[in-house]
Amino acid sequence: LQNAELGKRAPRWIRDNEVTMCMKCKEPFNALTRRRHHCRACGHVVCWKCSDYKAHLEYDGNKLNKVCKDCYHVIIGCTDSEEKKRKGILEIESAEVSGNSVICSFLQYMEKSKPWQKAWCVIPKQEALVLYMYGAPQDVKALATIPLLGYTVDDTPRSADLPHSFKLTQSKSVHSFAADNEELKQKWLKVIHLAVKGETPECQENLEEQ
């Protein structure tokens with residue numbers, strides 16, 4: 001919802017399983033902080049600290065409702081200077097980059113000898129040489145970024161790997177990924193093969209047109 005509409009219309013609720021961290025302070029939800037609250041103004045999932053505000057919401061007959069800190073400031077008409085602070089590289093919202101990406105999907109991810117884990121992976125159009133990894137599609141902060149330039153791609157799975165897996169290696173760092181099917185794996189490899197050479201899909205299309 002736009003700021004002007006906050007509290008005037010019911011928001012779309014982000015589902016609990018769409019996030020792994022508070023959408024405001026980015027604190028991960030774990031066994032200790034697993035209490036998830038919804039801001040009644042913007043519909044975001046927030047932790048208890050960030051939902052400790054109340055404001056009168058027009059769409060709910062002006063009743064007092066739990067809201068997050070940001071919506072509270074907008075609704076009562078006070079601006080928060082923190083918002084103006086520059087966002088760090090990991091703090092690009094997943095929904096923001098997924099909506100304007102070269103490719104995005106869930107992939108299984110394994111680093112060193114840790115177990116495989118599911119990650120929402122995105123290569124944004126503005127940075128087609130960087131792979132962003134999120135815990136879930138609506139997370140507001142990336143868990144990690146991999147600058148793909150210079151990596152070597154190995155797409156032959158070992159017996160211990162998942163069947164549709166591929167590896168990215170550069171000196172000592174090895175990142176293993178696995179797609180749910182061969183078609184998805186090939187889509188990712190097409191983009192990654194370009195990125196490791198410093199090319200973007202657009203460059204490739206231009207070359208083919210000449």
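Reader: What makes the set containing Ile123, Leu148, Phe177, Trp188 and Ile192 a nonpolar core?

Author: In this predicted model, the largest nonpolar core has 24 residues, and Ile123, Leu148, Phe177, Trp188 and Ile192 have the most contacts inside it. The term requires buried residues of nonpolar types, joined through side-chain atoms within 4.5 Å. Strands S5 (101-111), S6 (117-124), S7 (130-134) and S10 (165-170), together with helix H3 (182-195), each supply at least two residues of this core. H3 provides the largest share, six residues.

Reader: Which residues are in contact with isoleucine 192, and what makes them contacts?

Author: Leaving aside neighbours within four places in sequence, isoleucine 192 is in contact with Ile123, Leu148, Val153, Phe166 and Leu168. Each of these pairs therefore has heavy atoms within 4.5 Å, the cut-off for a contact. Apart from this core lies another one, of 20 residues, which includes Leu6, Met21, Val45 and Cys47.

Reader: Why are S8 and S9 called edge strands?

Author: Seven strands form an open sheet in the order S8-S7-S6-S5-S11-S10-S9, with antiparallel pairing. Strand S8 (144-147) and strand S9 (152-154) each pair on one side only, and they are the edge strands. Neighbouring strands of the sheet are turned by 35 degrees against each other on average, with direction ignored.

Reader: How do you know that S5 and S6 pair?

Author: Two strands count as paired if there are at least two bridges between them. S5 and S6 have eight bridges in the antiparallel sense, so the criterion is met. Within this pair, leucine 107 stands opposite alanine 119 in S6. The hairpin of S5 and S6 has five residues between the strands, and lysine 112 takes a positive phi near 50 degrees there.

Reader: What makes S6 and S7, and likewise S5 and S11, count as pairs?

Author: The requirement of at least two bridges applies again. S6 and S7 are joined antiparallel over three bridges, so they pair. Tryptophan 120 stands opposite tyrosine 134 in S7, and these two strands form a hairpin with five residues between them. Four bridges join S5 to strand S11 (residues 173-178), again antiparallel, so this pair qualifies as well. Here glutamate 111 stands opposite histidine 175 in S11.

Reader: What makes S6 mostly covered, and which strands does H3 lie across?

Author: Six of the eight residues of S6 are buried; each of those six therefore has under 20% relative accessible area. H3 lies across S5, S6, S7, S9 and S10 and runs at about 105 degrees to S5.

Reader: Why is histidine 38 called buried?

Author: Its relative accessible area is 11%, and buried means under 20%, so histidine 38 is buried. Histidine 38 has its place in strand S1 (residues 37-38). Not counting residues up to four places away in sequence, histidine 38 touches Trp13, Ile14, Asp16, Gly43, His44, Val45 and Lys66.

Reader: What makes the approach of histidine 38 to isoleucine 14 a polar contact?

Author: The side chain of histidine 38 reaches the backbone oxygen of isoleucine 14 at 2.6 Å. The cut-off for a polar contact is 3.5 Å, so this distance lies within it.

Reader: How many residues does the chain have, and what share of them counts as buried?

Author: The chain has 210 residues, of which 39% count as buried. Its secondary structure comes to four helices and 11 strands. Among contacts between residues at least 6 apart in sequence, 48% join residues at least 24 apart.

Methods. Residues are numbered from 1 along each chain as its sequence is written. This is a predicted model: local features need pLDDT of at least 70, side-chain atom pairs count only at pLDDT 80 or more; totals for chains, interfaces and linings use all residues. Side-chain values use heavy atoms; hydrogens and water are left out. Buried means under 20% relative accessible area, exposed over 50%, partly exposed in between (1.4 Å probe, protein chains only). Axes are lines fitted to C-alpha atoms, for helices over the stretch in contact, and angles run from 0 to 180 degrees between N-to-C directions. A polar contact is a pair of N or O atoms within 3.5 Å; within protein, one must be able to donate a hydrogen and the other to accept it, and residues adjacent in sequence count only if both atoms are side-chain atoms.
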